[in-house]
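Colleague: Got a minute to walk me through this one? I'd like to get a feel for the fold and then look at a loop.

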Amino acid sequence: MLRAYALLALLLLATHTKAQNRAKAQYLEETELVSIVAHLAEANGYDWDAEDVGVDDYLAEVDSAFAPFRSHPIVPYIRKELHGEGFNWHFPMHIALRLHIVDGKITYDEDLEKDFDDYYDRITPENEKKLIQLLQDFYDASRFHEFYTQHRTLYRECEAAMQRVLDQVDFDWYDRFFGPREGSTFHVYANILIGPANYAVHQKRQDGCEIINAVMGCCYRNRQGEISYDTYSTLPIIVHECNHSYCNPLNEAFWPQLKDKIEAFFAPNAQHYAEEAYGEPVLVLNETFVEACVMRYLMSHPFDFSENTDRWIEMLGIDEAQLSAALDRIKYIQDAYLQLLIDIDYNQKRFYMIKDVIEALAEREQQTSKYPTMYDFMPRYIEVVNAYKKKE
């Protein structure tokens, strides 16, 4: 049964319907610089084995080029001073996306709201300033820009491969589903060194406009040696990461009404959640809400199976007749695939509330006059969360 579901999953997300492009794939020198120093410091989320990175030849080049700088002062500084503050997983990318490298000089983006999304809960302004100074010294001493320039062709290949997925994402769905955000922009950044991980970074400019960022790993080389991002896995992750910028603030705004229920819900599975990097109750609720919204996106966006048939025949080891028979069962495939994703969230990740939240979100879509925005829907959402009882 599991093998059958896996086949269905691969087929379902073969190719998404063309959507209006609102995001451009980019590979930034700033994020690569911070990723490399985080890698040298063995920070969680940047210290992957070669097979996890997906482009192991590039990882080998990074390790070779920067081996002489493993003792640079920035490495012990991160390990001793910043790791305890939370310099791991998504946070190094928060730092990187506040920086600009102009003519070899690392500058701070003064247009950003400084403490948006409680940024300084994870690093003090003094330590941030020290880190930027050390980054500049590392950048100069290691001749980082020379390394980056030498690999520009690889980075451009990542951008082009990611753009092919981005062109299939309906970014206008966010305004329809959550409610309009005037002036908000989407940015998606490719990054090889974060391996199988993907990070959401939510920012706001001084003028009030929000910046919704997703930093994406999960690339690999296909049989032809080309950089690739499989639509069937990458597209839902992009939707997931961008959802965080909408879902997290809503949960946090209404946390007093949710806190008691979620803390009681969290306690029996605290060790499991901590092992999955969800060490606080609000993080589990954020992931549940985000994943439920991903399911609503997938339910409302049918996929086109008419392209890449040769790829599926090769990948799945089937012939044209078998593929044709499978494609005749598109509705069954879609339903089975979505059920597979929900089962993974429920049974493996232990997001036990997800089925209830998915059903509740259907009410929001069906009653937009009653609930014009997701904020308007939050009293009903709170009601559903607090009424939850685990089904045995």
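Modeller: Sure. One term before the loop: helices and strands here are DSSP runs, numbered from the N terminus. Also, this is a predicted model.

Colleague: OK, so where does Ser 184 lie?

Modeller: Ser 184 sits in the loop that links helix 10 (173–178) to strand 4 (185–190).

Colleague: Is Ser 184 buried or exposed?

Modeller: Buried, because its relative accessible area is 8%, and the cut-off for buried is under 20%.

Colleague: And what does the side chain of Ser 184 reach?

Modeller: The backbone oxygen of Arg 181, at 3.1 Å. Leaving aside neighbours within four places in sequence, Ser 184 also has contacts with Arg 22, Glu 210, Ile 212 and Tyr 246.

Colleague: Switching topic: how many helices and strands are in the protein chain?

Modeller: There are 19 helices and eight strands. The chain has 392 residues, and 54% of them count as buried.

Colleague: Which residues have the most contacts inside the largest nonpolar core?

Modeller: Ile 36, Tyr 58, Leu 131, Ile 238, Phe 289 and Tyr 381, in a core of 123 residues. Helix 14 (residues 281–300) gives the most to this core, with 11 residues.

Colleague: What is Tyr 381 in contact with, leaving aside its neighbours within four places in sequence?

Modeller: Asn 251, Leu 258, Leu 285, Phe 289 and Val 357.

Colleague: Last one: how much area does the protein chain expose?

Modeller: About 17,900 Å², with carbon and sulfur atoms supplying 49% of it.

Notes. Residues numbered from 1 in each chain as written. Predicted model: local features only at pLDDT ≥ 70, side-chain atom pairs only at ≥ 80, totals over all residues. Heavy atoms only, no water. Helix = DSSP H or I, 4+ residues; strand = E, 2+ residues; numbered from the N terminus. Buried < 20%, exposed > 50% of the residue type's maximum accessible area, 1.4 Å probe, protein only. Areas by Shrake-Rupley, 256 points an atom, 1.4 Å probe, with all protein chains shown as cover. Core = buried A, V, L, I, M, F, W, Y, C linked by side-chain atoms within 4.5 Å. Contact = heavy atoms within 4.5 Å. Polar contact = N/O pair within 3.5 Å; in protein donor to acceptor, adjacent residues only side chain to side chain.
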